[in-house]
Amino acid sequence: MRCQVSENSVKIEESLSGEECSSKIFEMSGAKFEPEVACELWEKIQQHKWLLSERLSRDVGARTACIDFLENMDQAVDEYLSYKRKDVLNEMGAQTFSRDIWDTISDSQPPKQLVNRRIILPLTMEDLSRKHGVNPPRTIIFFGPPGTGKTHFVRAIAGVLSWWFIEISPSMLMEDGADKLGANLRRTLEKVRKLQDVVIFIDEFEELAYCRDEADRLDKCITNEFLKQVPLFKNQSNRLLLVCATNYIRHLDPALLRPGRFDCIIPVGGLSADERKTILDYYLSRINVGQIDFNILVAQTARFTPADIQYLFEQVAQLAFDREVAQGKDCKVNTEDFLNVMARMHPTLTDEIIEEFEKDSLTYSRV
Ligand SMILES: Nc1ncnc2c1ncn2[C@@H]1O[C@H](COP(=O)(O)OP(=O)(O)OP(=O)(O)O)[C@@H](O)[C@H]1O
Ligand SMILES: [Mg+2]
């Protein structure tokens, strides 16, 4: 990056790259800044040099100006850095989620307990983690069939930690064309690595980390870029969590799955009767419910994912709404309505999908 100076600011004689600005500031003051930040600070130091010279009526050297600027502008620099972070958060469409999402997940639903023990508690009980030498995971993969709640879990984690949530989608990285994907991926991850208190989420991870043996040349480059980028998250001192999700764990490059890159590889599968009860309760509280045999609902949703349950409730709610519009009187949802909608549905979890998932869980899980 070259220093850009606006028309009415002080004239800078030399145009320096970010790296050059960074090393100049380091030589003069011993303070180290990322090239992008250094470039903007260098412009301000030049302005400060001019201001200081004017104030003292003599030509102040660059080193004096640099040290004076950094010493007296500590607070300004901090504010400036946090301002820059806000810029990046905005640019990346950072969201926040309520802590309530965590409570929509039944305590017995895997991997809630595991996530709590391995991720939430070590990150929130920092002193205890330090005392026991526990390093909270920084890089995680969730895998499992579609609609089992992987994204929901990641949002719940961001909510319970009160951290920002940034989703990076493969389509977003492909905006400038497929051949720029690798460069966009690197630039995006470099940016988010400077943030604080952020859960970075990459869905459909297999699109970015496809097994190199089966991938074409472009895919191989992207997977290679990922292999370089993931370990960099582990060297960061700031509070960041990179979570990737996939339906196709076996399509990921084996090098990514080996210990050292991702700290945890966590399966997210079907729901037990108790876990379905929590989700059914959650959705029942949101519709105009009448006489319901709850046990029938629990029994009949054995192969349902959370996404299937959500769809079932959307359909049933619409049914009651249409009925009330047609009849002009209060219409409540009953067990029969549920059974009628279920009869037309094809739950996601078939024997084959469950069997494959169980095999994958044995082969790939690492917690
Ligand atoms: N415990 C839960 N309680 C209520 N709703 C849930 C729960 N878990 C998931 N859902 C809902 O189910 C739907 C599917 O969940 P989600 O999108 O997290 O699945 P996914 O595993 O990420 O799916 P995909 O693999 O297709 O990306 C979402 O609308 C989500 O809000
Ligand atoms: Mg998802």
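Which residues does I140 touch, not counting residues up to four places away in sequence? In this predicted model, I140 touches I119, L241, L242, V243, C244, F262, C264 and I266 when residues up to four places away in sequence are left aside.

I140 belongs to strand 1, which spans residues 139-143. Its relative accessibility is 0%, and I140 therefore counts as buried, the limit for that class being under 20%. One of the residues it touches is I119; the two positions are 21 residues apart along the chain, and their C-alpha atoms are separated by 9.7 Å.

**Domains and the ligand site**

The domain assignment divides the protein chain into domain 1 (18-72), domain 2 (100-270 + 356-364) and domain 3 (273-347). Between the C-alpha centres of domain 1 and domain 2 the distance is 39 Å. Ligand 1 lies between domain 2 and domain 3, because both give residues to the shell around it.

That shell holds 18 residues, of which K150, T151, H152, N247 and Q310 come nearest to ligand 1. By class, the shell residues divide into seven nonpolar, nine polar and two charged. Three helices each supply at least two residues of the shell: helix 8 (150-161), helix 13 (273-284) and helix 15 (306-327).

Polar contacts with ligand 1 include the following.

| Residue | Protein atom | Atom of ligand 1 | Distance |
|---|---|---|---|
| T148 | backbone N or O | oxygen | 3.2 Å |
| Y283 | polar side-chain atom | nitrogen | 2.9 Å |
| Q310 | side-chain N or O | oxygen | 2.6 Å |

Taken alone, ligand 1 exposes 630 Å², and the protein buries 80% of that area. Q310 appears both among the residues that come nearest to ligand 1 and in a polar contact, with 2.6 Å between its side-chain N or O atom and an oxygen atom of the ligand.

**A buried serine in helix 2**

Where is S53 found, and is it buried or exposed? S53 is found in helix 2, residues 35-56. Its relative accessibility is 14%, so S53 counts as buried, given the limit of under 20%. Leaving aside residues up to four places away in sequence, S53 touches R58, D59 and V60. With V60 there is also a polar contact: the side chain of S53 reaches the backbone nitrogen of V60 at 3.0 Å.

Terms used: Residues are numbered from 1 along each chain as its sequence is written. Chains are lettered from A and ligands numbered from 1 in the order in which they are written. This is a predicted model: local features need pLDDT of at least 70, side-chain atom pairs count only at pLDDT 80 or more; totals for chains, interfaces and linings use all residues. Side-chain values use heavy atoms; hydrogens and water are left out. A residue is near a molecule or strand if one of its heavy atoms lies within 4 Å of it. A polar contact is a pair of N or O atoms within 3.5 Å; within protein, one must be able to donate a hydrogen and the other to accept it, and residues adjacent in sequence count only if both atoms are side-chain atoms. Accessible areas come from the Shrake-Rupley method with a 1.4 Å probe; for residues, only the protein chains shown count as cover. Helices (H or I, at least four residues) and strands (E, at least two) are DSSP runs, numbered from the N terminus. Ala, Val, Leu, Ile, Met, Phe, Trp, Tyr, Cys and Pro count as nonpolar, Asp, Glu, Lys and Arg as charged, and the others, Gly among them, as polar. Domain bounds come from an automatic or database domain assignment. Buried means under 20% relative accessible area, exposed over 50%, partly exposed in between (1.4 Å probe, protein chains only). Contact means heavy atoms within 4.5 Å.
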